[in-house]
Amino acid sequence: MERTLCIIKPDAVSAGNVGNIIAHIQKEGFRILAMRMTTLSKKSASKFYEVHQGRPFYDSLVEFMSSGPCVPIALEKDNAIAEWRRVIGSTDPAEAAAGTIRKLYAKNKGENAVHGSDSVENGLREIAFFFTEGELADLA
Ligand code: CMP
């Protein structure tokens, strides 16, 4: 079993797509280990995305991710990192495959509805950013 972090981003929360996205998660067979709604401070968003510091989109990414409530969700499934990236589609919705979450709900590369971890190591780090070990469901 592998773990990944989904974040339903502020654009998708304000557009009322939380339920639709959770339905995708469950239809695709992911187990939800933990979930909450929270509004990131600029400081927290900067820290979460620190690997992107210095990239041209960093400031707007931090601004956007702290602009309203988001919903971090810890997910588990065999091959969860690749599987979740398949379900969400490409970063740019214009390039995302039909039926993917970003094709359905993202506006553009920045306001792109959902986050997915890009490696097993980052998935665990990102889950730990939002949830303590004790908050993760033990569904075995
Ligand atoms: P996410 O999966 O959350 O991880 C990094 C985020 O940076 C990515 O989704 C996008 O929202 C954002 N991002 C990546 N590339 C660009 C870009 N070229 N322009 C704007 N935002 C970007």
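Two strands count as paired if DSSP finds at least two bridges between them. Helices (H or I, at least four residues) and strands (E, at least two) are DSSP runs, numbered from the N terminus. This is a predicted model, in which local features need pLDDT of at least 70, side-chain atom pairs count only at pLDDT 80 or more, and totals for chains, interfaces and linings use all residues. Residues are numbered from 1 along each chain as its sequence is written, and side-chain values use heavy atoms, with hydrogens and water left out.

**Exercise 1.** Work out the strand order of the sheet and explain why E2 and E4 each have one side without a neighbour.

*Solution.* Start with the order: the open sheet has four strands, E2-E3-E1-E4, paired antiparallel. Next, look at the edges: strand E2 (31–35) and strand E4 (114–116) each have a single partner strand, so one side of each lacks a neighbour in the sheet. Then zoom in on one pair: E1 (residues 2–8) meets E4 over three bridges in the antiparallel sense, and Cys-6 stands opposite Gly-116 in E4.

**Exercise 2.** Place the seven helices and four strands of the chain in their pattern along the sequence.

*Solution.* Reading along the sequence gives β-α-α-β-α-α-β-α-α-β-α. That pattern holds seven helices and four strands.

**Exercise 3.** Find which residues lie nearest the centre of the largest pocket, and sort its lining by class.

*Solution.* First, the term: on a 1 Å grid over the protein atoms alone, a pocket is an open set of points where a 1.4 Å probe fits, with protein on both sides within 12 Å along at least five of seven lines; lining residues have an atom within 4 Å of a point. Of the 27 lining residues, Tyr-49, His-52, Phe-57, Thr-91 and Asn-112 lie nearest the centre. Finally, sort the lining: seven residues are nonpolar (Ala, Val, Leu, Ile, Met, Phe, Trp, Tyr, Cys and Pro), nine are charged (Asp, Glu, Lys and Arg) and 11 are polar (the others, Gly among them).
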